[in-house]
Each structure stands twice: as structure tokens, then as C-alpha cells.
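Could you walk me through this protein model? I'm new to reading structures, so plain language would help.

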Amino acid sequence: MDLSAPLAWLVDEASASQEPDRFLSDLGRQLVADGLPLSGGALTLAVPHPIIARRTWLWRAETGVVIESLGFAGAVSDRAGEEWLAGLGPPLQQSTGSGNERASLGWAGTRPFGPEETARLGDVARFAVAPLAVLAERAALTALLDAYLGRRSAARVRAGALTRGTGETIRAALLYADLRNFTALSETSEPAVVIAALDAWFDRLAGAIHAFGGEVLKFIGDGVLAIFPVSGSPSEACDAALRAVTAARAGMAHLDQARQAEGLPPLSFGVALHLGDILWGNIGAADRLDFTAIGPAVNLVSRLEGLCRPLGCSVLISGAVAEAASTPLLPLGEHPLRGIAAPCAVFTLPDA
């Protein structure tokens with residue numbers, strides 16, 4: 001079969017594209033080199049994600065730059081691709097595939113497309129069905145793994161780290177937090193009310209963790225275990241964790257005001273921070289694995305959080321974090337922790 005260079009690329013090489021942005025820019029360059037008068041392009045894929053419904057990549061032919069636009073679930077409309085193309089020149093919007101594999105691939109011209117050029121781009125859309133189906137499946141898998149495992153853990157799983165017992169030791173600032181009186185709330189409230197309270201709590205805490213570069217490893221009932229990996233100096237990770245705690249406390253204060261206006265009780269909580277080494281990897285049964293963190297540092301931070309109620313503080317910080325962080329902290333002395341051999345130097349925030 002005698003195929004043009006862009007169609008041959010779609011048949012032979014496009015499925016090897018690892019990311020949609022690379023696919024779009026490579027295809028756009030192929031089409032320009034083949035004589036099509038393109039000023040830009042847009043590619044939209046649907047993704048199964050709790051927040052994001054669509055991802056759109058926008059390519060400008062003049063610079064070769066690709067940027068991404070996110071379409072959020074529940075949005076009235078998402079016309080990022082159409083608006084992008086209309087701003088670059090006469091647009092030609094196409095769809096490929098069907099059902100869950102349906103994608104939108106569009107182009108803008110430096111001038112209106114003629115009948116022969118429109119037909120050629122129609123052939124491109126038909127030949128793009130197979131490689132776009134591969135990209136859509138890969139994007140869907142990435143979205144699901146990110147949502148359920150977190151980005152760092154999901155990346156390891158996608159890279160093939162699937163063997164039980166494999167992992168790596170990393171140094172991180174650890175955050176452990178949980179709600180107070182959750183058992184009483186569960187026993188006296190309707191399930192829908194309990195779920196709404198948990199979602200509101202997790203939104204404030206996880207949102208703050210992610211905003212400052214941390215990653216939620218696990219939701220444990222009403223609790224959260226998160227890490228801020230040390231990639232530079234330990235002080236950077238510890239300061240990021242402290243900023244996340246401050247942001248989460250502000251978010252919870254705002255939430256409690258809203259709950260009070262509705263006649264609901266506040267959601268009190270405790271948070272602990274520690275700096276240490278953790279083993280991060282696959283643990284579990286032969287056919288049911290969990291990608292998580294274990295080690296003495298994890299044990300310590302969970303035990304430290306258990307001191308929040310006895311010490312009357314909502315935030316407790318270990319001596320390891322206090323030594324590394326640049327934030328001024330208030331010392332509370334050394335305290336024994338259940339199951340931990342040595343007493344722990346404990347600090348708190350001045351207003352906690």
C-alpha cells in the first residue's frame with residue numbers, strides 16, 4: 001500500500017508514543033512536512049477520574065509547543081480544543097473511534113482547507129483510531145492508578161514494580177492525622193452524614209498535602225498517612241510538611257464555621273510529623289498487594305499522634321523534624337511512646 005508519510009507514521013510508529021502531547025506534536029509536524037497548511041491542533045481524550053473528565057492537548061505549529069487543558073467533571077461545557085483552534089485559524093474538528101475510545105482530533109489552518117486537504121485530514125482521523133485507542137487506554141490506566149494509589153506509587157506500579165517484597169528505602173517527612181470522636185459520630189449519625197464529614201476532612205487535609213508537594217499514601221478509616229520525600233535538604237521536606245499542616249488547619253477552621261452554621265459539631269483532629277527512613281514498596285498476599293510504607297518511622301509518627309489528646313495539642317512534631325525545620329516550634333519535653341524504646345522529644349506549633 002502506497003501511503004503518505006503521515007499515514008505510514010500512524011500505522012508503523014504512532015502506537016509507540018508514550019504520551020498524548022508527544023503524539024499530537026509528532027503528528028502535526030508530519031502533516032506540516034507533508035504540505036498541509038496547519039497553524040495548530042488539538043487532541044481531547046476522556047479519562048475516568050473523580051475530578052477530571054477530559055484532558056485536552058493544544059499544539060501550536062509555529063513554536064511546536066504543546067500545553068494541556070483539563071476539563072473537570074460536572075462542568076457545563078468544555079470547549080478548550082474548539083476555542084484554541086478557532087483562535088489560530090479556520091478549524092476542522094474530527095472524531096475518531098467510538099464509545100469509551102472516542103477521541104476528538106482537530107486542526108486549525110493558516111487558511112481555509114480545500115476539499116483535497118479536508119479529505120487528507122479525514123484519512124488521518126481514520127488511521128489515527130488505533131494509536132489513539134492505545135493512548136486513551138494508557139491515559140485511563142494512569143488516571144485510575146493516580147486516583148487510587150497517588151502519583152508516586154502509581155508511577156512505580158506502571159514501571160512494573162509488581163513483585164511482592166520489592167521496594168526502596170526513602171527518607172521523608174511523614175504526616176499522620178486522624179479525626180477525634182469518629183466512632184461516636186459513626187454510631188449517632190446516618191451513613192451519608194458520616195461519609196460527607198469524612199470527605200470534607202480528607203478534602204482539606206489531602207488538598208493541603210498535595211499543594212505542598214506531599215503524597216497521601218493511605219486513608220486508614222478516618223486517618224491519613226502521607227509523605228513528603230526528601231529530594232533536596234531535609235529542611236525543605238519538613239518545612240513543606242509544616243506548611244501543609246498550617247493550610248489544613250486553616251481549611252478545617254473554615255469548614256467548622258460552615259458546620260456550625262448548619263448546626264453540626266466541629267471536626268476535631270490530631271496531626272503528627274516525623275522525619276525518618278521508610279521502606280516503600282509492595283507488601284501483601286501473593287495475589288493481593290498494597291503499595292505502602294512501613295518501618296520504625298511510620299510506627300513512631302502514628303504513636304506520636306496518639307499523644308495529641310493527652311497533651312492537649314492538635315499538632316505534635318518530633319525532635320527530628322524540629323531539628324531540620326526552619327519554622328519556630330514550641331518544645332514540650334521528652335515523652336515515652338507506646339511500643340517505642342526511647343522517649344521522643346516532642347514539639348508543637350505556638351498556636352496549636
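Let's start with Leu198. Setting aside the neighbours within four places of it in sequence, Leu198 is in contact with Leu179, Phe182, Gly221 and Asp222. You'll find Leu198 in helix α8. Is Leu198 buried or exposed? Its relative accessibility is 14%, so Leu198 counts as buried, because anything under 20% gets that label. For a sense of distance, try Leu198 and Ala247: they sit 49 residues apart in sequence, and 18 Å lies between their C-alpha atoms.

Before going further, keep in mind that you're looking at a predicted model. The chain has a mean pLDDT of 89, and 96% of its residues reach 70 or more. Which elements mark the two ends of the scale? Among the elements of the chain, β11 has the highest mean pLDDT, at 97, while helix α6 (residues 151–158) has the lowest, at 77. As a reading rule, predicted coordinates shouldn't be read in detail where pLDDT is low.

Now for the inside. The largest nonpolar core holds 43 residues, and the ones with the most contacts inside it are Leu175, Trp201, Leu205, Ile209, Phe228, Leu273 and Ile317. Several elements each supply at least two residues of this core, among them β6 (167–179), α8 (191–211), α9 (234–261), β9 (269–285) and β11 (315–318). Pick out Ile317 and look around it. Leaving aside its neighbours within four places in sequence, Ile317 is in contact with residues including Leu242, Leu273, Leu304, Ala322, Leu329 and Phe347. There's also a second, separate core, made of 29 residues, and Ala14, Phe23, Trp107 and Val124 are included in it.

Next, let's turn to charges. How many salt bridges does the structure hold? The count is 13. One of them joins Arg22 and Asp26, whose closest N and O atoms are 3.0 Å apart. Both residues belong to helix α2 (residues 20–33), and because they're four residues apart there, about one helical turn separates them. The partners don't share a label, though: Arg22 is partly exposed, with a relative accessible area of 48%, while Asp26 counts as buried at 14%. This pair is part of something wider, since Arg22, Asp26 and Arg29 are linked in a network of salt bridges.

Here are two more pairs to look at. Glu82 and Arg79 meet through their side chains in a salt bridge, with 3.3 Å from N to O. Glu82 is partly exposed at 39% relative accessible area, and Arg79 is partly exposed too, at 41%. The side chains of Arg180 and Asp178 form another salt bridge, this time with an N to O distance of 2.9 Å. Here Arg180 counts as buried, because its relative accessibility is 15%, and Asp178 is buried as well, with a value of 15%.

Finally, come out to the surface. Ile51, Leu70 and Phe72 make a nonpolar surface patch of about 270 Å². Where does Ile51 lie? It's in the loop between β1 (38–46) and β2 (52–60). With a relative accessibility of 49%, Ile51 counts as partly exposed, because the exposed label starts only over 50%.

Conventions. Residues are numbered from 1 along each chain as its sequence is written. This is a predicted model: local features need pLDDT of at least 70, side-chain atom pairs count only at pLDDT 80 or more; totals for chains, interfaces and linings use all residues. Side-chain values use heavy atoms; hydrogens and water are left out. Patches are made of residues with over 30% relative accessible area and no salt bridge: like charges are joined within 9 Å, nonpolar side chains (Val, Leu, Ile, Met, Phe, Trp, Tyr) within 5 Å. Accessible areas come from the Shrake-Rupley method with a 1.4 Å probe; for residues, only the protein chains shown count as cover. A salt bridge is a side-chain nitrogen of Lys or Arg within 4 Å of a carboxyl oxygen of Asp or Glu. Buried means under 20% relative accessible area, exposed over 50%, partly exposed in between (1.4 Å probe, protein chains only). A nonpolar core is a set of buried Ala, Val, Leu, Ile, Met, Phe, Trp, Tyr and Cys residues joined through side-chain atoms within 4.5 Å. Contact means heavy atoms within 4.5 Å. pLDDT is the predictor's confidence in each residue, from 0 to 100.
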